[in-house]
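Trainee: Could we go through this model together, with the reasoning spelled out?
Mentor: Yes, one question at a time.

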2 protein chains.
Amino acid sequence: MEDKKITSALGSGGKSTNDFVKDIICKYFGNSILENLGDAAYLDINGELSFSTDSFVVEPEFFPGGDIGKLAVYGTCNDLSVSGAKPKFLSFSLIVPEGYKFSDTEKIVASAGAAAEEAGVQIVCGDTKVISASGLKSPLVNTAGLGILKKKLNDYGKIKAGDKIILTSDIARHGMCIVSKREGLNIESEIESDCADLNPIFEVSGYKGVKFARDATRGGVAAVLNEISDKTGLGFLIDEAEIPMREDVKYLCEFLGFDPLSVANEGAALLIVESALSSKILDKIKSVKVGADAALIGEVCSENKVMLKTPIGGIRNVEMPVGELLPRIC
Amino acid sequence: MEDKKITSALGSGGKSTNDFVKDIICKYFGNSILENLGDAAYLDINGELSFSTDSFVVEPEFFPGGDIGKLAVYGTCNDLSVSGAKPKFLSFSLIVPEGYKFSDTEKIVASAGAAAEEAGVQIVCGDTKVISASGLKSPLVNTAGLGILKKKLNDYGKIKAGDKIILTSDIARHGMCIVSKREGLNIESEIESDCADLNPIFEVSGYKGVKFARDATRGGVAAVLNEISDKTGLGFLIDEAEIPMREDVKYLCEFLGFDPLSVANEGAALLIVESALSSKILDKIKSVKVGADAALIGEVCSENKVMLKTPIGGIRNVEMPVGELLPRIC
């Protein structure tokens, strides 16, 4: 059983596919909507919706703090959460290379199922394909998600100079975790990915005073702030001393020459909040586990660039990351 | 420009990603929901919904009658249509191998955009990832879709012995098209994929008397009928002489040893309809282009197996396809 391998038959749409869906997919994702096993899931939801999708190609597929299954569930949930919606339903689509271990496939599905349960979402439809002789070593996953909109947190027009910026977690952990694992770096303290569900942060905030949100995945904090700056004509002044980061992550970034502001996170969001309510919002966020290390890191300013105040008092510009820092990071 | 290649930077989440989204994705998929370019799309839809997803791994990515972009749009639209919903919104997620031609990537996106326009759906969110050194030769696409439910066509409980079966098109064209193209078979008349939007069939039917529907993709007609048989404890008697098939497709299946009933289609559905209304429904379906070759091919029976009446008067059982007939067919 341990050595059973994924065969191309599993992706054929015939008996092997049906067996896989019954034995593995329904075992870990089981819910009455999914178990109807039609070509589509029927959903009865009312109100305005958020709809999002992401493909996950992370390599290695298992890493400290998570795996591609958990990442794929939380990744799309987080895109919904930062849009201002409560995640509700997910699709889960798996592309597995022929010859990949059956037991590892099951581990990924089990992990995705556990993540969905923790996030309170149902996986209601999906698809499995097997590709042979592609040279691909590990599975690829796509999730798409639907959430019930609570408050639109995606309206650039609401951002004004003077608004404060809350970073909900320490940074650069996911990227540095993947790099250490991939390169086989022999680091004393293993760096765990920050892969987590961000929704508790939004729930606890009650959305009051929160104007805009974005998770800082590929391209990190630098990409998010530059994109907002580009869209609004405004800018940011952030304070390096206030940016939470673990010592081991900081040292590894320095050692490998990465700017932690450009490194991917999978459990960190940037919130732009009303200045007057910023401390109250921060306190609420810090009361939930995923937001325990949240910090006020700076503010929106009228000058159209992203500026970082360094600990020695200088100011440097933070640019949009141009190239690919780390391939197959998420 | 013709020789520009996809670089890993395009999947970084930084400037190259933004440029690709602005220059290519928005150019072909452009609509006000997508152009907000947030992490999620806001949708204002009311009523019961259908939600579906599919990954597409077809190789080659360009084939007579279509390409992976068109297939990915119609494939998910068709899953929604056969569930009894009118397709409305799609996500579009692209995984491109590093070094793949930029112009071919653009062709795929353009083709998906044209297909979406023809099907009357909006592509409202998406994702682009680049994977390097994977050995993968051509892009993979995932689409997820939302449709407005008109009538649930997925309820096995409604199927009764005596109901008629309508096949909406000739069969085995998509599978035989991919095989000919892949194997470089030198066939006089090029076989085109049947890749098409099935929604006009359901719209024109008005859903009246239509009890159940399923598109016959991977595993073909044989897989659909066996799955229904498995779920209901009922069976089917279909008449080989009534099954529409093009001569060239038939000869190629015979030549290569494929059972056309197990070969994939991308523009053919099976409808289970009330016997008394079956001729009326068939006439309506034949009035739309995608249903022009539709035929009544048999009926539901109480014996729990799928039986085929052969032209010489015998009866043979049609089994669920077990292995993978054609890898990377859709």
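**Helix H4, salt bridges and the chain contact**

Mentor: In H4(A), a helix being a DSSP run of H or I with at least four residues, numbered from the N terminus, the buried residues are Arg173(A), His174(A), Gly175(A), Met176(A), Cys177(A), Ile178(A), Val179(A) and Ser180(A). This is a predicted model in which local features need pLDDT of at least 70 and side-chain atom pairs count only at pLDDT 80 or more, while totals for chains, interfaces and linings use all residues. Residues are numbered from 1 along each chain as its sequence is written, chains are lettered from A and ligands numbered from 1 in the order in which they are written, and side-chain values use heavy atoms, without hydrogens and water.

Trainee: Is helix H4 of chain A largely enclosed or largely open?
Mentor: Buried means under 20% relative accessible area, exposed over 50%, and partly exposed in between (1.4 Å probe, protein chains only). Eight of the eleven residues of H4(A), residues 173–183, are buried, so the helix is largely enclosed by the rest of the structure.

Trainee: What covers the buried residues of H4(A)?
Mentor: Contact here means heavy atoms within 4.5 Å. The cover includes strand E3 (62–63; a strand is a DSSP run of E with at least two residues), helix H2 (68–83) and helix H7 (247–256) of chain A.

Trainee: Which residue forms a salt bridge with Asp170(A)?
Mentor: A salt bridge needs a side-chain nitrogen of Lys or Arg within 4 Å of a carboxyl oxygen of Asp or Glu. Asp170(A) is buried at 2% relative accessible area, and its partner also counts as buried, at 12%. The closest N and O atoms are 2.8 Å apart, and the partner is Arg173(A).

Trainee: How many residues apart are Asp259(A) and Arg316(A)?
Mentor: Their side chains meet in a salt bridge, 3.3 Å from N to O. Asp259(A) lies in the loop between H7 and strand E11 (269–273) of chain A, and Arg316(A) in strand E14 (residues 315–317), so to speak of distant parts of the chain is to speak of a separation of 57 residues.

Trainee: Are Arg214(B) and Glu227(B) buried or exposed?
Mentor: The two form a salt bridge with the closest N and O atoms 3.5 Å apart. Arg214(B) has 6% relative accessibility and Glu227(B) has a relative accessible area of 15%. Arg214(B) therefore counts as buried, and Glu227(B) is likewise buried.

Trainee: What kind of axis relates the two copies?
Mentor: Copies are superposed by least squares on the C-alpha atoms of residues with pLDDT of at least 70 in both. A rotation of 180° with 0.0 Å of shift along its axis superposes chain A on chain B (RMSD 0.0 Å). The copies are thus related as by a two-fold rotation axis.

Trainee: Through what do the copies meet?
Mentor: The contact takes 77 residues from chain A and 77 residues from chain B. Because 100% of the interface residues of chain A are also interface residues in chain B, the copies meet through the same surface.

Trainee: How many salt bridges are there between chain A and chain B?
Mentor: One pair with side chains meeting in a salt bridge is Lys22(B) and Asp230(A), at 3.7 Å from N to O. The count between chain A and chain B is six.
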